[in-house]
Number of protein chains: 4
Amino acid sequence: MIPNILAERYASSEMRDIWSPSGKVRYERELWIAVLKAQDELGLSVSPGAIEAYEKVIDQIDLESIRKREAESRHDVKARIEEFCGLAGFEEIHRGMTSRDLTENVEQLQVARSLEVVQKKTAATLAQIAAKAEEFVGQVFPGRTHNVPAQPTTFGKRLAMYGEELLHAAQTFSRIAASYPVRGIKGAVGTQLDLKTLFSDEKVKVDQLEASVLKHLGFSKSLHAVGQVYPRSLDHEVIAGLVGIASGPSNLARSLRLMAGHETASEGFAPGQTGSSAMPHKMNSRSCERVNGFLVLLRGYETMAAGLAGDQWHEGDVSCSVVRRVALPDAFFSIDGLFETFLTVLGQMEVYPAVIARENAAYFPFLSSTTLLMEAVRTGTGRETAHKAIKKHAISTVKDLRSGEITQNNFAERLGADSDFPLDTADIEKVITGAADLIGLAKEQVGDFSTQVNEFLRPLNPEWKDYRPGQIL
Amino acid sequence: MIPNILAERYASSEMRDIWSPSGKVRYERELWIAVLKAQDELGLSVSPGAIEAYEKVIDQIDLESIRKREAESRHDVKARIEEFCGLAGFEEIHRGMTSRDLTENVEQLQVARSLEVVQKKTAATLAQIAAKAEEFVGQVFPGRTHNVPAQPTTFGKRLAMYGEELLHAAQTFSRIAASYPVRGIKGAVGTQLDLKTLFSDEKVKVDQLEASVLKHLGFSKSLHAVGQVYPRSLDHEVIAGLVGIASGPSNLARSLRLMAGHETASEGFAPGQTGSSAMPHKMNSRSCERVNGFLVLLRGYETMAAGLAGDQWHEGDVSCSVVRRVALPDAFFSIDGLFETFLTVLGQMEVYPAVIARENAAYFPFLSSTTLLMEAVRTGTGRETAHKAIKKHAISTVKDLRSGEITQNNFAERLGADSDFPLDTADIEKVITGAADLIGLAKEQVGDFSTQVNEFLRPLNPEWKDYRPGQIL
Amino acid sequence: MIPNILAERYASSEMRDIWSPSGKVRYERELWIAVLKAQDELGLSVSPGAIEAYEKVIDQIDLESIRKREAESRHDVKARIEEFCGLAGFEEIHRGMTSRDLTENVEQLQVARSLEVVQKKTAATLAQIAAKAEEFVGQVFPGRTHNVPAQPTTFGKRLAMYGEELLHAAQTFSRIAASYPVRGIKGAVGTQLDLKTLFSDEKVKVDQLEASVLKHLGFSKSLHAVGQVYPRSLDHEVIAGLVGIASGPSNLARSLRLMAGHETASEGFAPGQTGSSAMPHKMNSRSCERVNGFLVLLRGYETMAAGLAGDQWHEGDVSCSVVRRVALPDAFFSIDGLFETFLTVLGQMEVYPAVIARENAAYFPFLSSTTLLMEAVRTGTGRETAHKAIKKHAISTVKDLRSGEITQNNFAERLGADSDFPLDTADIEKVITGAADLIGLAKEQVGDFSTQVNEFLRPLNPEWKDYRPGQIL
Amino acid sequence: MIPNILAERYASSEMRDIWSPSGKVRYERELWIAVLKAQDELGLSVSPGAIEAYEKVIDQIDLESIRKREAESRHDVKARIEEFCGLAGFEEIHRGMTSRDLTENVEQLQVARSLEVVQKKTAATLAQIAAKAEEFVGQVFPGRTHNVPAQPTTFGKRLAMYGEELLHAAQTFSRIAASYPVRGIKGAVGTQLDLKTLFSDEKVKVDQLEASVLKHLGFSKSLHAVGQVYPRSLDHEVIAGLVGIASGPSNLARSLRLMAGHETASEGFAPGQTGSSAMPHKMNSRSCERVNGFLVLLRGYETMAAGLAGDQWHEGDVSCSVVRRVALPDAFFSIDGLFETFLTVLGQMEVYPAVIARENAAYFPFLSSTTLLMEAVRTGTGRETAHKAIKKHAISTVKDLRSGEITQNNFAERLGADSDFPLDTADIEKVITGAADLIGLAKEQVGDFSTQVNEFLRPLNPEWKDYRPGQIL
């Protein structure tokens, strides 16, 4: 059998369980029993012992037996009804229901359970980023725009930057999850005809059954005027939310890949793991690269989901079926794999302060030019004169560095030696050294980010933030 | 000059104004003045009369003059600063700001204003769909699955189905709009260095300036730990929200296209317009087709936005620039054109009850088979016997209709004449006529939908729901 | 284990074999042996009996054993080398090769073999469409634009229309397949350093080895200046080609779904299968819907592949790995499932001439108006007068049909009774009946299409066109 | 008016002309005249002087006048017919044609002319890359995998790598362009009814007219069995081809962005331009970033085009209209902007050998370890012993470099001082210096690439390869 590579190679067992063939059978059985119980409570005749009999065999899931039944009847839902009834010795489930009353709700249940897993791992990731941002809040280095040093910042602030992006996406995602509506038991074209008939036109009982089933499934909201299928724009909303969630981690992973190229940081190694003996310098960012790969997958699943949104014909059909069988589980496996990988990176990543110090030495002279100008003007030198001197020596320093004339940035010496410029080399070097302080409110921003993360985490399950990833390949 | 076809051919002037070159210049000037005022209030020296001077010339927008300045300086922001200063006779704006402090915030302002236009038109659309759903709540016809009659429903319920989809998307979109965070004045790499320096390290003043600018822009929330650019996943979130918003209207438009093929309904004509004289039967669904086209565009812009999300290098660069210059305005022009078109359709669409009646006559006999079976069993006939008779005559009726043996569905006659079936033709026809009542809770669902729409609309600007589209091509 | 649903539920065993874990292992072993043989021929020392020993065990594929080796060494390629060497009792393979020399070429081999399967099924599909187009070349009905009758055409011509679209895509695809270049054995960064060293700087031998390996793999072309990985735009080219291939069948399937709504045609049933007994009229287009679904999937895989194209860093990395592990096999499973489904539809589809005749009766009066005008003018009546009469009665006929005043199109009677119009009802009806001849060159076009298909098929494997699909679910 | 930003800011005037409103009017007039001439030659009565009269006014294009006519008639094609006839003083054009006979063919003409512009600029780009690859064929530096030094290569070879990717895409694109089929004059539903009638059923004359029009348009192939519209998968094929074309340049641009971060290379400056005076070290890769941005746009347009492929209903409608009005021109403007930008980069880019030399000094010691091992073994030292020594000192060197213990790679000294290792420091340094020779067949590959480019360019217009970009912003 060809395995689902995303499930088997990258996703956690928790996510696999939700989307496994046997997991789905179990959700179906839960739904059937919930409906049966509600029908019993609402006065429909249910044979004594039937509910208990179904409950007893709920975990006896024999996919091969179901497969054989389907091969015979050529009807998948019927095969699963017969299997469950055969095990229980009753024929009471699925009354007043059509196939889609079963499958739509169960698929939405799978989505809803997956949403919770994603929320858990998002919480853990936010907590970890906040911790790392605080750990490196003082690690000053040149912030880069256009991939080139621009102004000092700190590694902690950079982490907080990506963390804040994830935090925003997490808040959006929480709202998507909280307002996710289930289709409910609505019949062949959504008019609730069969349930209405079953309950002899008593609308109130139809409503009560719906409420009861919702409660079982753990949904707070159902659709009212739905057709045979729930609107596929819901699938799009969820997968678009996953793209949002994936963006911050992907950005951070990309930055680590870039920094690894400079040896200022790396994604680190698993405990016990070392680099290739022949090439110990190689910090291959395999996991970060993989995180970026997962986002590319998610964009593709979003395209699929967007392709279904707005393409419903009347009350529905199965043109979406094969798409959703693939895109929904695979999108969740992708985000799950992304989190397993990214949490591993967060746990192992390394920063190399000595290499950063060399970067700072190379670039802070240039990043200090604005301050040098201010200081020069403060001594009474004309702004134009000072600016001209700075420009002249900055450009010639760069030129000599690139041509190999010099190998160390000696801008301070050059500028200090220029009689047009009022500060001497020592003073200039003091300013340059002080560039490490030119990080604005970077530290306070990290603090703000931490506070926000804590506020976000507070109402959530406290175990979530401590989730740790499994072993990754 | 090559026009932006989406803006010029499909979008409303309201949306065009937001994204027009001169509109953008005006937003920039508003931002500069807001910053200047805040700086003045916070004690920075601002020349007397400067603010007033800038305010006085805010609407003197000469794009050609700006273009010339840019051609000279080769720096677009500088050109616009000089133009504004030239007009005002002061050089006080843009202090403590970098280019991105201007452009990022102004672009977000354009987005935010566009979000409001979308919300307005969504409100109007929901109100219109609810009105139409109530108007046609009793128009019974065969609901279709797989594009084939399945069970009776009503046209009102079908409208409510798509309306409820839009309502959900509208709620999601409202939350996106309400929590949309602005970047704020954060400096070259996001550390707020320049403002901190400007305010001599008084963080509280930096915060006050930020708060003041936010208030001006109408934002409730800003990002704290942002880099040079705000996270591009925000753009994706917004455009994904537009895809969600477009889905319900697109589904309704697609159903109208399908129904036009059966002549049961059409998108109608503009007042005074008639069909082609040669082909008066042709109800070309040009506008509905266009609505579907806009969704295809939006999916493409979503792909673009998703392609930027998670692809930030360090504190940012301009690899996103050309993409955002296109995808943001064009996505908003698309949704705007969609609403202008779709609201026109809602205002003009027609239903043809006589044609529907012929559909009902053709299909209700088959859609009544379950009820006929129940009635037969009630008379004491065996279920198996009754079912066999129904099946036999149903299949032969279909066969004869398709082969041309008969041209009208005479299932009632055939079945009534069968001695194995207890009901006579008159009784059977009564059941079939009664199929029009087999619409379950369709009417109640329409009522629920209307109620929900009203609840959604209540807190909104009351004028929104009455918005009417402009003339479309 | 969670299965790959596309592989297990929809794809053929032929395609599954190519992408199965054991299939891949076999391809790897073929490559190793081919390299070994080439090295032997080129004078590198290879132990006597080694090649034979490897060949003997090539089919002894024990995935579990390989899995255990990988769990230990944590290196997948190493594990498979050790397994193969363990079985053969030699350690000679993989000399002068890096991991990517193995994996890149083997993945391209999987692609190339899949391309051939796609070409085979495309050929079969073209042959089937051409046969159906000829079968129905004379089945006249109203061609539709905007989903509304516009001018007569024939069902055969409509089939040829979609067939010609597929033919063009098939020609493009053939060229893609024929020019698909393989990476070859190029070493860690693509410079062929290891092979050059192995062959003591004899470039000619490096070239000979490459040529020999190409021959083995069945490729006609290799890349020369490639890096560690082959350009990912190649994957995009292939998957974009699949989207092209899927378009014609998807269009035809969509038309069948639309026609099923009118009962003019259907996708038919499998032999022995009947409609639901309760609803015998329901010709659910499940397979056609599925065909449309596969295209939605392919568009998503194309987005993934496009996301990798142009995103290579230097000589390569594994950011594409997880994407390609999913998108390549799943895209091929999708197109394979599409063909299996679509070929089934082509074999079973039905047309209902009697229903079509009713459509013709309803619409041909309107579709004849141009001819009626010409005939009227020919009798000497003024063009304006005749046109006015036609318009008047056409519009009122449509109005009465839609309002229920009449149930049959009686335009001929009305117009014939109008003294302003020169032709009488009988003459008018003759014209209308003659509308069936107003199909222009539809028949000749079908003939042209058939001829083109035959020309396309001629140089291909003659068995391809006779391929028949397996049993679908 | 809101301009099309892609056209006005990035594209060349050559591409703008093709897609400008007046350009389109001109193409239409050319088509009309061509049809009229063909009709004349085939014996249809054409008024004496008519053709000359139309030809005389072909360039009198007054968009405002056309706009007014359309506002009145509410029919765009009619307005343009009337305008042209009004100017010429005849009413002879458009005979036997429907609107789509005009618009489909003209749009395809725009596509075809754009394909040629793309081919021209691709040729120029290939020639430039080949020239640069040869210029830098000997510039050795560490090839990088996972963004980390892996094995020596040369900058020329890296350029050839991306160039070869473009070459492959260019070959594919040439075949797409060469086989691009035009719809032709096929009538309302594609049956050629009107022309057949016009030519009194003489099929041979219909064919001759088609052939004549094709010749005029410059197409070699037309579709035979087409409907009202040509298959939209053709648009997808073209845009997917553009994504392919964009991939190689995008990869090269991305590498330059990465290299700019290390200051080993940059996209350079326009003549006369210098870096910011405050930050002379900043080589902002604005143009390379823009190139990457264009690819993101193209992927989005591909999603749009893929969304239309396979979504045709019967003989066609206008659901594709708004999509194609946007995606086709904007995709061509994007690729055109990409080439203008990329050719500018190729003309200005700089390499910094002194910086590269420092990179080499830092990494070649590690990249030489395999050779050092071989040399050690050659002296009789055991492989294990030698390997152990190398590993020990490599790892400790890396560790000390990252921790700041040392600032220069002193691996050679350490290893030379180790008595377990047979080579002394001088010998080791010789090996390391020799690493610059470990570039395998990099030079030969560059030569192969150049040869292939020349072969590709030979049959093309010789001026194409010398095309130089306009001034970019």
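In this predicted model, chain A is divided into two domains: domain 1 is assembled from residues 5–137, 153–267, 282–354 and 448–461, whereas domain 2 covers residues 369–437. The C-alpha centres of domain 1 and domain 2 of chain A are separated by 58 Å.

Chain A has a partner in chain B. Two copies of a chain are related by a rotation about an axis and a shift along it. For this pair, a rotation of 180° with a shift of 0.0 Å along the axis superposes chain A on chain B, with an RMSD of 0.1 Å. The two copies are thus related as by a two-fold rotation axis. The residue of chain A that comes closest to this axis is A:Ala240, whose C-alpha lies at 3.2 Å. The copies use the same surface, since 100% of the contact residues of chain A recur in chain B.

The contact itself joins 76 residues of chain A to 76 residues of chain B. On the side of chain A, the elements that give two or more residues are strands E1 (140–145) and E2 (148–154), together with helices H8 (155–178), H9 (193–198), H10 (203–217), H11 (233–262), H12 (286–308) and H19 (442–457). Among these, H11(A) gives the most, with 13 residues. By class, the side of chain A that touches chain B holds 28 nonpolar, 32 polar and 16 charged residues.

Helix H11 also packs within its own chain. H11(A) and H12(A) pack at an angle of about 160°, and their axes are 8 Å apart. Because angles over 145 degrees count as roughly antiparallel, H11(A) is roughly antiparallel to H12(A). The crossing of H11(A) past H12(A) is left-handed. The residues of this contact divide into 17 nonpolar, three polar and six charged.

A further packing of this helix can be followed in chain B. There, H11(B) (residues 233–262) packs with H13(B) (residues 321–348) at an angle of about 25°, with 11 Å between their axes. These two helices are therefore roughly parallel to each other. H11(B) passes H13(B) in a left-handed crossing. H11(B) contributes B:Asp235, B:Ile239, B:Leu242, B:Ile245, B:Ala246, B:Pro249 and B:Ala253 to the contact, and H13(B) contributes B:Arg324, B:Ala327, B:Leu328, B:Ala331, B:Ile335, B:Leu338, B:Phe342 and B:Val345. By class, this contact has 13 nonpolar and two charged residues, with no polar ones.

Chains C and D form another pair. A turn of 180° and a shift of 0.0 Å along the axis lay chain C on chain D with an RMSD of 0.1 Å. Within chain C, C:Ala240 comes closest to the rotation axis, with its C-alpha at 3.2 Å. In this pair 100% of the interface residues of chain C are also interface residues in chain D, so the copies meet through the same surface.

Here 76 residues of chain C are in contact with 76 residues of chain D. The elements of chain C that give two or more residues to this side include strands E1 (140–145) and E2 (148–154), as well as helices H8 (155–178) and H11 (233–262). H11(C) gives the most to the side of chain C that touches chain D, with 13 residues. That side consists of 28 nonpolar, 32 polar and 16 charged residues.

Terms used
Residues are numbered from 1 along each chain as its sequence is written. Chains are lettered from A and ligands numbered from 1 in the order in which they are written. This is a predicted model: local features need pLDDT of at least 70, side-chain atom pairs count only at pLDDT 80 or more; totals for chains, interfaces and linings use all residues. Copies are superposed by least squares on the C-alpha atoms of residues with pLDDT of at least 70 in both. Two residues are in contact if their C-beta atoms, placed from the backbone, lie within 7 Å. Helices (H or I, at least four residues) and strands (E, at least two) are DSSP runs, numbered from the N terminus. Ala, Val, Leu, Ile, Met, Phe, Trp, Tyr, Cys and Pro count as nonpolar, Asp, Glu, Lys and Arg as charged, and the others, Gly among them, as polar. Axes are lines fitted to C-alpha atoms, for helices over the stretch in contact, and angles run from 0 to 180 degrees between N-to-C directions. Angles under 35 degrees count as roughly parallel, over 145 as roughly antiparallel, 65 to 115 as roughly perpendicular and the rest as oblique. A crossing is left-handed if the near helix is turned anticlockwise from the far one by less than a right angle, and right-handed if clockwise. Domain bounds come from an automatic or database domain assignment.
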